[in-house]
Amino acid sequence: MTNKLVLANLKHRPVRTLLSLLAIGVEVCMMLTLVGLSEGMLEDAARRATGVGADILIRAPGTSLISMSSASLSEKYLSFFLDQPHVRIAVGTVEQPTGGVSTVTGLDLAEFTAMSGGFKFIDGRPFRNPRDVIVDEYYARQNNLTVGSTLKLLNQDWNVCGIVEPGKLARVVVSRQVLQDLTGATGKLSRIFLEPAAPENTAAVIAALKEKLPDFPIYSMAELTSLYSVSNVPGLSAFIGVIIALGIIVGFLVVFLSMYTAVLERTREVGILKALGASPFYILNIIFRETAVLAVAGSALGIILTYGSRWAVMTFAPAALTQKIVPDWWPIAGGIAIAGAVIGAFYPAWKAAGQDAIEALSYE
Amino acid sequence: MNNGDIIIRVRGLRKVYRVGDVDVHALRGADLDVRRGEFVSIVGPSGSGKSTLFHILGGLTPPTAGEVHIHGRDLLAMSEAGRTELRRKEVGFVFQKYNLLPTLSAADNIAIARHIARQSGGPDPKFSEILELLGIRHRLHHKPRALSGGEQQRVAIARAIVNSPSILLADEPTGNLDTENSSIVLGLLRDLNERIGQTILMITHNPEAAAYGHRTVRMRDGRVMEEA
């Protein structure tokens, strides 16, 4: 009977119920989208790095795996690494931020092709001219680029000479030497990828390199994949925490306002229930059950909305953003939404339960 | 009838409300006895203390002083939880404004009274007979907004007696009804009193309505002045 009354109350004010559901849904969607974007973009970065075909990654001393830092590794290290036992190929890259999380990567296509098998061109061809740029399919779609289009990067006009399949290293690629010269990093590299003659040599090569270059961050690709996580990005966990806190506050306020107005509107009904012998606990139970229905249904709606936000991201910004669906976060986001809602319902429920029956019955 | 038949015993009942900085003496030593199976009408001008007496007898508010026994239970010594239990088991209310829950059907308005009283299963078989008497059986699946005032008040009466309370308290039950529906509702209250021996206390301003009771109690200035 209590559930019947709860559902009847929710149906009685459909607009308020739908708005509350939507607000809780947006709160949950916001959390899941943020986490999905964080994990999705990191996984995408890891996938593209591993798509190079290398087994070892080396960065300059003092740099972290995920931070974007200027090219500071001397190009001479390429020949040094190639001279090491079991190393078959060494590829040096230059990464230059172009705004936000976007970068342009400088490559020697011959080196890169020897290691990875090269880009798979959907349209166009490799670089021929210094101002040629290759973009991947997502970047081309997001920026409406075709072969022959002009792309403005680093205050220069570039000719799109090729569009390639995504998943290999970078979304925007130019000649390494051109990028080095343009950014004042002539002869410098950001990262070096190594491919041992046989994969089973990887550990031995890394061990030998760490001994010779103790200050250099040297990772196996398996290690690299595991390091691309939210906890390894400086400030990202704190950022997610702030968004979750905002989510709790939004959920709290929405449910507080919704239940507060519901309780005010139902003052006389609370009086009727009390006249029938309903205890304060009975009234609390109704309010909290109503809140729980809103929070659970709102959380489910939020999960569904996440698929919508993913579709929007992958449709409108596939190159800049990658969103992952994160089922392991569903119970966490749902739990946070329910907790915020229950806290929000506490005062209205307490107010309703403590209402004087005679005053409530005379409420107009 | 002997004293054992007295279901409501009120002696020197006082009730003082605090309104702002002022003490309002709503009851100033009211005395009243009601026997089981009686239908008592309470009349009196506004501010005479009728509603306050009604609220105290119904356990909606505690008395300030005096003696109130319902079914032998002392209301002055009763806690809030005790008064809640009293409303659940011993008293049924019928209000002037019907006070049905607008989101529930008539049937569910009756069912929720049983749920609150923790009565499992269906109502007493006798209740089916009462529904026939009230003439609302065919309207039970409608929500209050689809019922006329007379029908709503009959549903409210059904809700008030579904748990077989010792006392039915009716506060101006015909105050919002036209003459025809008033007669129907008053006739039903009298039928309930006569057929199932339901004890009824009814507040009214209408002398014709008061005449449906076995006797009429007149109140003035917080006291019971006379009985007729």
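## A walk through chains A and B

Of the 364 residues in chain A, 40% are buried. Keep in mind as you look around that this is a predicted model.

Let's stay with chain A for a while. Its secondary structure comes to 13 helices and 12 strands. How spread out is chain A when set against a compact globule? For 364 residues the globule rule gives 21 Å, but the radius of gyration of chain A is 29 Å, well over that value, so the chain is more spread out than a compact globule would be. You can put a box around it too: taken along the principal axes, the C-alpha atoms of chain A fill roughly 90 × 45 × 30 Å.

The division into domains adds to this picture. Chain A splits into domain 1, made of residues 2-43 + 235-361, and domain 2, which covers 66-216. Look for the centres of these two domains, taken over C-alpha atoms, and you'll find them 47 Å apart. Where the domains meet, 5 residues of domain 1 of chain A are in contact with 8 residues of domain 2 of chain A. On the domain 1 side of that meeting place, there are 5 nonpolar residues, with no polar and no charged ones.

What about contacts within chain A as a whole? Take those with a separation of 6 or more: 84% of them are between residues 24 or more positions apart.

Now hop over to chain B, by way of the place where the two chains touch. Here 18 residues of chain B are in contact with 18 residues of chain A. On the chain B side, helix H2 (80-89) and helix H3 (106-116) each supply at least two of the touching residues. Which element gives the largest share of that side? It's H3(B), with 6 residues. Sorted by class, the chain B side has 9 nonpolar, 6 polar and 3 charged residues.

Chain B also has a sheet worth tracing. It is an open sheet of 4 strands, in the order S2-S1-S4-S5, and the pairing is antiparallel. Strands S2 (22-35) and S5 (73-74) of chain B stand at the edges with a single partner strand each, which means one side of each has no neighbour in the sheet. As a rule, strands of a sheet pair through backbone hydrogen bonds, in either a parallel or an antiparallel way.

To finish, zoom in on one end of that sheet. Strand S4 of chain B (residues 65-70) runs antiparallel to S5(B), and 2 bridges join them. Here you can spot Ile70(B) standing opposite Arg73(B), which belongs to S5(B).

Technical notes
Residues numbered from 1 in each chain as written. Chains lettered and ligands numbered in written order. Predicted model: local features only at pLDDT ≥ 70, side-chain atom pairs only at ≥ 80, totals over all residues. Pairing = 2+ DSSP bridges. Contact = placed C-beta atoms within 7 Å. Nonpolar A, V, L, I, M, F, W, Y, C, P; charged D, E, K, R; others polar. Rg over C-alpha atoms; globule rule 2.2 N^0.38 Å. Buried ≥ 20, exposed ≤ 12 C-beta atoms within 10 Å, placed from the backbone. Domains from an automatic or database assignment.
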